[in-house]
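This report describes the strand pairing and some surface features of one protein chain. The sequence and the structure follow.

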Amino acid sequence: GDIARGDGPLRLILMLGYSGWGPGQLESELHQNGWLTCDATPDIVFARDNGGKWAAALHSLGVDALSLSATAGSGADSLNISFAALNSSLQGGAGADFISVSGSLSATTVTGASGADTITVNGNIVDSELFGNQDDDRILVSGNATNSGLYGGQGNDVLSISGNAVGGNVEGNSGADTITVVGTASNALVA
């Protein structure tokens, strides 16, 4: 064709990959606002910084990626956040939820609600609070916790910080809880 002869478009992107949906699934997710969509402008599509396209698309909608809130419904939900969260709220609903953040948290609240929830943060947390609430919850922080709170709530909870705990609280509350701070705990209530 045209591209092989040099008669194609001035700019193009060739991508290979696969995504699969069942019949009507994508339309249903769009109708339920499960996706944010924006115009595919040349500035976004052909930007040199592939890693920045997502943030540029959000910016075109007037959305700041660092201020997103995520709330799950009832049932066993999974919230996976692959960036740092600042001034945000992440909330699981009823059911055994899995909330995972692959980045640091700052001034953010994460709530598991009812159900045996798992909250993992692969980064540091600063001025943030993580609540397991009811049932047997797991709250795991792979980094330091500074002026932050980890609260298990009711049930037999596992609370773990693989770095230091400076200021703040790490509390299991009721139940037979397991609390681990691998680094040092200074000016922090661990109970």
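In this predicted model, six strands make up an open sheet with parallel pairing, in the order β2-β5-β8-β11-β13-β15. The edges are taken by β2 (78–81) and β15 (178–181); each has a single partner strand, so one side of each is left without a neighbour in the sheet. From one strand to the next, the twist averages 0°.

Within this order, strand β8 (residues 118–121) is paired with strand β11 (residues 138–141). The two run in the parallel sense and share four bridges. Across this pair, T120 stands opposite L140 in β11.

**Strand β12 and its partners**

Strand β12 covers residues 145–151 and is mostly covered, with five of its seven residues buried; buried here means under 20% relative accessible area. Its pairings with β9, β10 and β14 are listed below.

| Partner of β12 | Sense | Bridges | Opposed residues |
|---|---|---|---|
| β9 (residues 125–126) | parallel | two | V126 and T146 |
| β10 (residues 129–131) | parallel | three | L130 and L150 |
| β14 (residues 165–171) | parallel | six | A145 and A165 |

β9 is thus joined to β12 by two bridges, and β10 by three. Between β12 and β14 there are six bridges, and in that pair A145 of β12 faces A165 of β14.

**Salt bridges**

How many salt bridges does the model contain? The count comes to two, taking a salt bridge as a side-chain nitrogen of Lys or Arg within 4 Å of a carboxyl oxygen of Asp or Glu. One of them joins the side chains of R5 and D2, at 2.8 Å from N to O. R5 counts as exposed because its relative accessibility is 57%, and the cut-off for exposed is over 50%. D2 has a relative accessible area of 42%, so D2 is classed as partly exposed. The side chains of D7 and R5 also meet in a salt bridge, at 3.4 Å from N to O, and both of these residues are exposed. Through shared partners, the salt bridges link D2, R5 and D7 into one network.

**A nonpolar surface patch**

I3, L12 and L14 form a nonpolar patch on the surface. Together these residues have about 350 Å² of accessible area. I3 lies in the segment before α1 (25–31). With a relative accessible area of 56%, I3 is exposed.

Key:
Residues numbered from 1 in each chain as written. Predicted model: local features only at pLDDT ≥ 70, side-chain atom pairs only at ≥ 80, totals over all residues. Heavy atoms only, no water. Patch = residues over 30% accessible without salt bridge, like charges linked within 9 Å, V, L, I, M, F, W, Y side chains within 5 Å. Areas by Shrake-Rupley, 256 points an atom, 1.4 Å probe, with all protein chains shown as cover. Buried < 20%, exposed > 50% of the residue type's maximum accessible area, 1.4 Å probe, protein only. Pairing = 2+ DSSP bridges. Axes fitted to C-alpha atoms, helices over the stretch in contact; angles between N-to-C directions.
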